[in-house]
Each structure stands twice: as C-alpha cells, then as structure tokens.
Amino acid sequence: MPELIAYTDGACSGNPGPGGWGVLLIAREGETILKERELSGGEPDTTNNRMELLAAITALETLERPSSLTIVTDSAYVKNGVTGWLHGWKRNGWRTADKKPVKNVDLWQRLDIAQARHQVAWKWIKGHAGHEENERADALARAGMAPFKPGKGP
C-alpha cells in the first residue's frame, strides 16, 4: 500500500495582506515516488495562519476517498491546534481556555470535518530549513499569492 504524504504551506505579503497556500501531495512506496500532485491558490486579503490552515484543509478535501496520510507542516499553529487545542475548543463551544472566541473558527471547523474521514498523522518541520518538499510547498504558496499582490493585475 503506498504511503501518502501532503506537504503544506501558507504565505502572506503583509499580515493581513494578499496570501497564498500550497500543497505537494506525494504517493510513494519506499523511496519510489508513484505520483505527485501540486495544488495552490490564494486570496487578496488574508493572514498567514488562514493560508496555513487552508493548505491543510485543501490537502484533505482533495482526497476522493478516505485515506491514511501524513500532513507535514511548518506551522506550529496548525500542528498544535489540530493535535492539542481542537478537542478543548469543541468542548468549550469554540472558545479558548480564557473564554474568547477561537480565531479562524470557520477554518478550524472545516479542518475538523475534513480530517474526520481520514487517518491523519500530523508532523511539524522547521520551515525554510532546506527540506526539499517543504520548499516546493512554499513555492506553490507564493505562486498562489502572486495574482493578488499589488501591481500583478492584467
């Protein structure tokens, strides 16, 4: 059975500002890559955290059938949120421990639904540290942001 890995990244020019997200999906057996798929997109006015979340959401929503996969992110916000904070937020009616509304609740709820149909292992890696696949996801995120940056019109 092939191993499925999604490398995800988000980018923002200004925070908030124009942003983009990128996903590199890889199916492999051992060291042999069987298939790769690149996804990207962006928004004109967003934040880096929203783009990091949207990258992970898109990776999960793109899969047509329930799958077992590893999502590799350089966002501690996404990794800690999904593996540590999410359960408490849901239990507390989408409020933080200090009773404030969860930021980006719309995307956290969407991520919660998207991951429910899969077996997901979450892995954090340091960004901009020479990880080839993470650098490719970053390039995809920057490409997704490009059409929304000032001076990039028709």
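Begin by selecting Arg28 and Glu3 in this predicted model, where the two side chains come together in a salt bridge with an N to O distance of 3.1 Å. This pair ties together distant parts of the chain, since Arg28 belongs to strand E2 (residues 17-29) and Glu3 to strand E1 (residues 3-12), with their positions 25 residues apart in sequence. If you colour by accessibility, Arg28 should appear as partly exposed, at 22% relative accessibility, and Glu3 is likewise partly exposed, its relative accessible area being 36%. The bridge you are looking at belongs to a structure that holds eight salt bridges, and several of the next stops are drawn from that set.

**Glu61 and the link from H1 to H3**

Select Glu61 next, which you will find in helix H1. Its side chain meets that of Arg110 in a salt bridge of 2.8 Å, N to O, and here too the pair links distant parts of the chain, with Glu61 in H1 (residues 48-62), Arg110 in helix H3 (residues 105-116), and 49 residues separating them. The pair of side chains also registers as a polar contact of 2.8 Å. Is Glu61 buried or exposed, or does it fall in between? With a relative accessible area of 38%, Glu61 is partly exposed, and Arg110, at 35% relative accessibility, also counts as partly exposed. Now display what surrounds Glu61: once neighbours within four places in sequence are set aside, Glu61 is in contact with Arg110 and Ala114. A distance label from Glu61 to Arg117 is worth adding, as these residues lie 56 apart in sequence and their C-alpha atoms are 9.6 Å apart in space.

**Helix H4 and its salt bridge**

Move on to Arg142 and Asp138, which form a salt bridge whose closest N and O atoms are 2.9 Å apart. Unlike a link between distant elements, this one stays inside helix H4 (residues 132-145), and because Arg142 and Asp138 are four residues apart there, about one helical turn separates them. What is the accessibility of each partner? Arg142 is partly exposed, at 43% relative accessibility, whereas Asp138 counts as buried at 7%, because the cut-off for that class is under 20%. With Asp138 still selected, show its contacts, and leaving aside neighbours within four places in sequence you will see Asp9 and His128. Before leaving the charged residues, select Glu36, Glu38 and Arg136 together, as these three are linked in a network of salt bridges.

**Along helix H2**

Now isolate helix H2, residues 76-91, and place a distance between its end C-alpha atoms. The 16 residues of H2, at 1.5 Å a residue, should span 22 Å, and the end C-alpha atoms are 22 Å apart, so the expected and computed spans agree. Follow the helix axis as well, however, since H2 has a kink of about 60 degrees centred on Trp85. Which residues of H2 are buried? They are Tyr77, Val78, Gly81, Val82, Leu86, Gly88 and Trp89, and when you bring back the rest of the chain, the elements covering these buried residues include H1, strand E4 (68-73), H3 and strand E5 (119-124). Just past the end of H2, pause at Gly93, where the backbone adopts a positive phi of about 65 degrees.

**The nonpolar cores**

Nonpolar side chains in soluble globular proteins tend to be buried together, and the last part of the tour looks at where that happens here. Select Val23, Trp108, Leu111 and Trp122, which touch the most other members among the 30 residues of the largest nonpolar core. Elements that each give two or more residues to this core are E1, E2, H1, E4, H2 and H3, and which of them gives the most? H1 does, contributing eight residues.

Centre the view on Trp122 and show its contacts, not counting residues up to four places away in sequence: Trp122 touches Ala56, Leu60, Ile71, Val78, Lys79, Val82, Thr83, Leu111 and Gln115. Finish with a second core, separate from the one just examined and made of eight residues, among them Tyr7, Leu24, Ala137 and Leu140.

Note on methods: Residues numbered from 1 in each chain as written. Predicted model: local features only at pLDDT ≥ 70, side-chain atom pairs only at ≥ 80, totals over all residues. Heavy atoms only, no water. Salt bridge = Lys/Arg side-chain N within 4 Å of Asp/Glu carboxyl O. Buried < 20%, exposed > 50% of the residue type's maximum accessible area, 1.4 Å probe, protein only. Expected span 1.5 Å × (residues − 1). Bend = angle between axes of the 7 residues up to and from the residue. Contact = heavy atoms within 4.5 Å. Polar contact = N/O pair within 3.5 Å; in protein donor to acceptor, adjacent residues only side chain to side chain. Core = buried A, V, L, I, M, F, W, Y, C linked by side-chain atoms within 4.5 Å.
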